[in-house]
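Thanks, everyone. Let's put the chain up on the screen and walk through it.

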Amino acid sequence: MAFRDSMLLSDVCLADGMPLIWIAKLLRVPIHERVAGSDLFGRLKSRTENRLRVFLFGGTGDLAEKVGLQLNAEKCGLECVGVLNPGFGSVEELSSPDIIAQINASGADLLAVFLNAEKAQAWLLRNHHRLSVPIRAQFGATINFEAGTIRRAPPLMRSTGFEWLWRIKEEPYLWRRYWADGKALLQVLCTCVLPLAIAARVSRQQAEFAIRSIQRDESMTISLTGAATAHKANSLLPFATQAVRDHKSIEINLAGVDYMDGRFFGVLIGVKRQLARQNLSLTIVGLSPRLRRIFRLNRFEFLLSDR
């Protein structure tokens with residue numbers, strides 16, 4: 001739950017995994033390309049103007065130091081201005097004032113975190129308001145690829161969804177993780193993705209979408225009717241912007257909505273994130289049993305509880 005929340009509060013989440021691309025195609029979500037953290041790091045290195053100053057945080061042993069020296073020797077799009085391997089410890093232990101001060105004093109434009117995904121996200125969320133580096137991201141195993149201690153899979157294996165086989169060859173202990181991931185993916189495909197994909201392809205007469213709002217002293221109620229689909233999704237954003245500007249929480253009434261697609265769920269998540277940053281709440285009410293099932297199949301039931 002904490003990991004999910006940290007991802008939802010991020011400004012950018014990469015589609016790192018070919019199964020995500022396949023699922024997106026089944027659900028007609030416009031995600032066309034897989035972008036891993038190592039791909040993004042490589043693209044930042046290939047920049048030819050305005051070098052970004054980067055601080056490397058994490059990794060094992062002296063990997064961060066080695067990669068920092070390589071970046072500066074290559075004269076690429078990234079200039080290393082600091083490295084720190086804090087060792088093993090809890091998120092709290094890795095968030096000491098000395099560690100945060102060292103990172104902030106570097107003057108970096110980008111903080112590249114090389115911890116495991118769950119720990120990295122928790123650390124970034126915990127220290128969000130203490131860090132002065134404007135761009136922060138977790139890059140996971142990228143530090144190993146950059147240092148050359150682990151070889152990355154060939155492009156063909158990455159593009160066809162078999163990079164996991166290569167990773168097991170390079171790091172045999174990963175088979176347990178991929179076995180668990182595979183079982184979880186199969187369950188999601190059978191119980192959520194396929195029912196949604198079938199439902200999306202069944203023709204139906206969709207009512208015309210409409211939206212109206214009622215202003216109150218400390219909140220705004222937005223009532224939706226009709227089919228909340230992709231081409232209508234952005235119509236909700238001006239109301240969210242106004243609520244944030246007026247410092248008002250939002251209640252969305254879906255009593256008149258008969259269908260909602262993935263793009264509209266994405267907008268709801270964006271609205272929730274906007275409000276959360278201002279300590280405002282999003283409450284969703286008025287769901288029919290059919291719409292509640294759509295929320296469940298999309299795994300967005302958490303949006304129905306204001307936390």
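Which residues of the largest nonpolar core touch the most other members? Leu-254, Leu-268 and Phe-295 do, in a core of 33 residues. Keep in mind that this is a predicted model.

Where does that core come from? Six elements each supply at least two residues: strand 6 (219–228), helix 11 (237–245), strand 7 (249–260), helix 12 (262–276), strand 8 (282–285) and helix 13 (289–297). Helix 12 gives the most, with 7 residues.

Now zoom in on Phe-295. Set aside its neighbours within four places in sequence. Phe-295 is then in contact with Leu-254 and Leu-268, and also with Met-260, Phe-265, Ile-284, Leu-287, Phe-300, Glu-301, Leu-303 and Leu-304. There is a second core as well, apart from the largest one. That other core has 19 residues, including Leu-56, Ala-112, Phe-114 and Phe-139.

Back to helix 13. Its buried residues are Leu-291, Ile-294, Phe-295 and Leu-297. They pack against helix 10 (175–201), strand 7, helix 12 and strand 8. Just after helix 13, look at the backbone of Arg-299: the phi there is positive, about 65 degrees.

Let me step back to the whole chain. We have 307 residues, and 40% of them are buried. The chain has 13 helices and 8 strands. Along the principal axes, the C-alpha atoms fill a box of roughly 60 × 45 × 40 Å. On contacts, take pairs at least 6 apart in sequence: 69% of those contacts join residues at least 24 apart.

Next, helix pairs. How do helix 11 and helix 12 sit relative to each other? Their axes come within 10 Å and cross at roughly 10 degrees. That makes helix 11 roughly parallel to helix 12, since the angle is under 35 degrees. From helix 11, Leu-237, Ala-240, Thr-241 and Val-244 take part. From helix 12, they meet Val-267, Val-271, Gln-274 and Leu-275. By type, the contact has 6 nonpolar residues, 2 polar and no charged.

The second pair is helix 2 (residues 18–26) with helix 10. Here the axes are 9 Å apart, and the packing angle is about 25 degrees. Helix 2 and helix 10 are therefore roughly parallel to each other. Pro-19, Ile-23, Lys-25 and Leu-26 come from helix 2. They meet Leu-185, Leu-189, Val-193, Ala-197 and Arg-201 of helix 10. This contact divides into 7 nonpolar residues, no polar and 2 charged.

While we are on helix 10, find Ala-180, which is in that helix. Is Ala-180 buried or partly exposed? With a relative accessible area of 39%, Ala-180 is partly exposed. Now compare its place with Arg-263. The two are 83 residues apart along the chain, and their C-alpha atoms are separated by 28 Å.

On to two helices with a buried side. Helix 6 (residues 117–126) buries Ala-120, Gln-121, Trp-123 and Leu-124. Seen down the axis, these fall within an arc of 165 degrees, so they line one face of helix 6. What do they pack against? Helix 1 (2–8), strand 1 (52–58), helix 5 (97–105), strand 3 (110–114) and strand 4 (135–138).

Helix 9 (residues 163–170) buries Glu-163, Trp-166 and Arg-167. Their arc is only 100 degrees around the axis, which puts them on the same side of helix 9. Covering these buried residues are, among others, helix 7 (142–147), helix 8 (155–159) and helix 10.

One last residue: Lys-45, in helix 3 (residues 37–45). Is Lys-45 buried or exposed? Lys-45 is buried, because its relative accessible area is 18% and the cut-off is under 20%. And what does Lys-45 touch? Leave out residues up to four places away in sequence. The partners are then Leu-71, Glu-74, Cys-76, Gly-77, Leu-78 and Glu-146.

To close, go back to where we began. Phe-295 is one of the three residues that touch the most other members of the largest core, and Phe-295 is also among the buried residues of helix 13. Happy to take questions.

Terms used:
Residues are numbered from 1 along each chain as its sequence is written. This is a predicted model: local features need pLDDT of at least 70, side-chain atom pairs count only at pLDDT 80 or more; totals for chains, interfaces and linings use all residues. Side-chain values use heavy atoms; hydrogens and water are left out. A nonpolar core is a set of buried Ala, Val, Leu, Ile, Met, Phe, Trp, Tyr and Cys residues joined through side-chain atoms within 4.5 Å. Buried means under 20% relative accessible area, exposed over 50%, partly exposed in between (1.4 Å probe, protein chains only). Helices (H or I, at least four residues) and strands (E, at least two) are DSSP runs, numbered from the N terminus. Contact means heavy atoms within 4.5 Å. The arc is that of the directions from the helix axis to the C-beta atoms. Axes are lines fitted to C-alpha atoms, for helices over the stretch in contact, and angles run from 0 to 180 degrees between N-to-C directions. Angles under 35 degrees count as roughly parallel, over 145 as roughly antiparallel, 65 to 115 as roughly perpendicular and the rest as oblique. Ala, Val, Leu, Ile, Met, Phe, Trp, Tyr, Cys and Pro count as nonpolar, Asp, Glu, Lys and Arg as charged, and the others, Gly among them, as polar.
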